[in-house]
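Dear colleague,

Please find below the structure I promised to hand over, followed by an account of what was found in it. I should be grateful if you would read the account with the structure open beside you.

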Amino acid sequence: VIKCKAAVAWEAGKPLSIEEVEVAPPKAHEVRIKIVATAVCHTDAYTLSGADPEGCFPVILGHEGAGIVESVGEGVTKVKKGDTVIPLYIPQCGECKFCKNPKTNLCQKIRITQGKGVMPDGTSRFTCKGKQIYHFMGTSTFSEYTVVADISVAKIDAAAPLDKVCLLGCGISTGYGAAVNTAKVEPGSTCAVFGLGGVGLAVIMGCKIAGASRIIGIDINKDKYAKAKEFGATECISPQDSKKPIQEVLVEMTDGGVDYSFECIGNVGVMRAALEACHKGWGVSVIVGVAAAGQEISTRPFQLVTGRTWKGTAFGGWKSVDNVPKLVTEYMSKKIKVDEFVTHTLPFDKINEAFELMHSGK
């Protein structure tokens, strides 16, 4: 058993608490990882807020991490002690019908136990002050050591800087893949990206790499426009600058609507606007943001009858074990940006400050 520091969420709506936790050794088909760097994501904040119907407490959150394998359980063959890895919140077992289908990346092998905050055998590897602590998204990267299933880990280039590539564990991969895998943006196309946070910037990067000729960034926070343009946005607009609904503004700006739109916020009203900003006959709108529990999307069916397509994406459609190492290689060869997404680097015990910076849009 390893004793180390972790940021524990004891209950919903309260700040994280830095505690000494015990991390049990990995069982069969499990891997214990020394986490070197982790990022914070809105999904962590969403669960912490209490709005997540699957949220269990007390829990160690975090799902954008990178580290070194400390030890492996029985039967683990894909990684060994000392390997550099990224934990994966969407695993890839290679055996379930989802893994065998090229149309999806949604491996279901450990979905049920992962959603309940436990390892595949139904137990936790974390304890603190004599209490069992739940796992989160199969990763729990807000701990100096974590245990994950062996299908939830990608071995990456040992030379990669872990304080950067941890972002490929969720946000960058999600946005980039939404553009290149889910939407399949084509050269010369016009795109609209709603929400210019980390995921939105990654979508812009993907649209640019795919050859889009016009990329319109949409956000009410104008402080984000300069960064969006660095990533490839050709122009940025705020919905608050017009009395007309934003979809009408976009349809006018683009002679009938955009070829591809992306919702990167998790707001069902914005999801509707993103669909309705699409061009009749061929427009495709991709939902990337995660809406709160119980919310529903709506539009007039005529929007779809007249040739628009509504799609969703999870982790950018990447089959995780196969593709995360390739994304790291693309970053190392400067095909995709990663460093530019990092705004602040803080010590682990300042993790609550990191959430404050995220909530304030900084």
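Lys164 is found in helix 4, which spans residues 162–165. Please bear in mind throughout that this is a predicted model. Leaving aside residues up to four places away in sequence, Lys164 touches Tyr331, Val338, Asp339 and Val342. Thr127 may serve as a point of reference: Lys164 and Thr127 are 37 residues apart in sequence, and their C-alpha atoms lie 29 Å apart in space.

Two helix pairs deserve a description. The first concerns helix 5 (residues 171–183) and helix 6 (residues 198–209), whose axes come within 7 Å and cross at roughly 40 degrees. Helix 5 is therefore oblique to helix 6. The crossing of these two helices is right-handed. On the side of helix 5, the residues that meet helix 6 are Gly171, Ile172, Thr174, Gly175, Tyr176, Ala178, Ala179 and Val180. Their counterparts in helix 6 are Val199, Ala202, Val203, Met205, Gly206, Cys207 and Ile209. By class, the residues of this contact comprise 11 nonpolar and four polar, with no charged residue.

The second pair consists of helix 1 (residues 42–49) and helix 12 (residues 351–359), with axes that come within 11 Å and cross at roughly 105 degrees. An angle of 65 to 115 degrees counts as roughly perpendicular, and helix 1 and helix 12 are therefore described as roughly perpendicular to each other. Helix 1 contributes His42, Asp44 and Ala45 to the contact, while helix 12 contributes Phe355, Met358 and His359. The residues of the contact of helix 1 with helix 12 divide into three nonpolar, two polar and one charged.

I turn next to the enclosed and open spaces. How many cavities of 30 Å³ or more does a search of the whole structure find? The search finds one. This cavity has a volume of about 70 Å³. Its lining is made up of Ile110, Thr113, Gln114, Val118, Met119, Pro120, His135, Gly138, Ala149 and Ser152. Sorted by class, the lining has five nonpolar and five polar residues, and no charged residues.

The second largest pocket holds about 350 Å³ of space. Its lining consists of 20 residues, and those nearest the pocket centre are Lys78, Gln92, Cys93, Asp150 and Ile151. Two or more lining residues come from each of strand 10 (153–155) and helix 11 (320–332). Strand 10 gives the largest share, with three residues. In the lining of the second largest pocket, 10 residues are nonpolar, five are polar and five are charged.

Finally, two features of the backbone should be noted. Which form does the peptide bond from Phe57 to Pro58 take, cis or trans? The bond is cis, with omega near -5 degrees. Pro58 is found in the loop between helix 1 and strand 4 (59–60). The other feature concerns Lys129, which has a positive phi of about 55 degrees although Lys129 is not a glycine. Lys129 lies in the loop that runs between strand 7 (126–128) and strand 8 (131–133).

With kind regards

How values were computed: Residues are numbered from 1 along each chain as its sequence is written. This is a predicted model: local features need pLDDT of at least 70, side-chain atom pairs count only at pLDDT 80 or more; totals for chains, interfaces and linings use all residues. Side-chain values use heavy atoms; hydrogens and water are left out. Axes are lines fitted to C-alpha atoms, for helices over the stretch in contact, and angles run from 0 to 180 degrees between N-to-C directions. Helices (H or I, at least four residues) and strands (E, at least two) are DSSP runs, numbered from the N terminus. Angles under 35 degrees count as roughly parallel, over 145 as roughly antiparallel, 65 to 115 as roughly perpendicular and the rest as oblique. A crossing is left-handed if the near helix is turned anticlockwise from the far one by less than a right angle, and right-handed if clockwise. Contact means heavy atoms within 4.5 Å. Ala, Val, Leu, Ile, Met, Phe, Trp, Tyr, Cys and Pro count as nonpolar, Asp, Glu, Lys and Arg as charged, and the others, Gly among them, as polar. On a 1 Å grid over the protein atoms alone, a cavity is a set of points where a 1.4 Å probe fits but cannot get out, and a pocket is an open set with protein on both sides within 12 Å along at least five of seven lines; lining residues have an atom within 4 Å of a point. Grid points are joined across faces, edges and corners, and a volume is the space filled by probe spheres set on the points.
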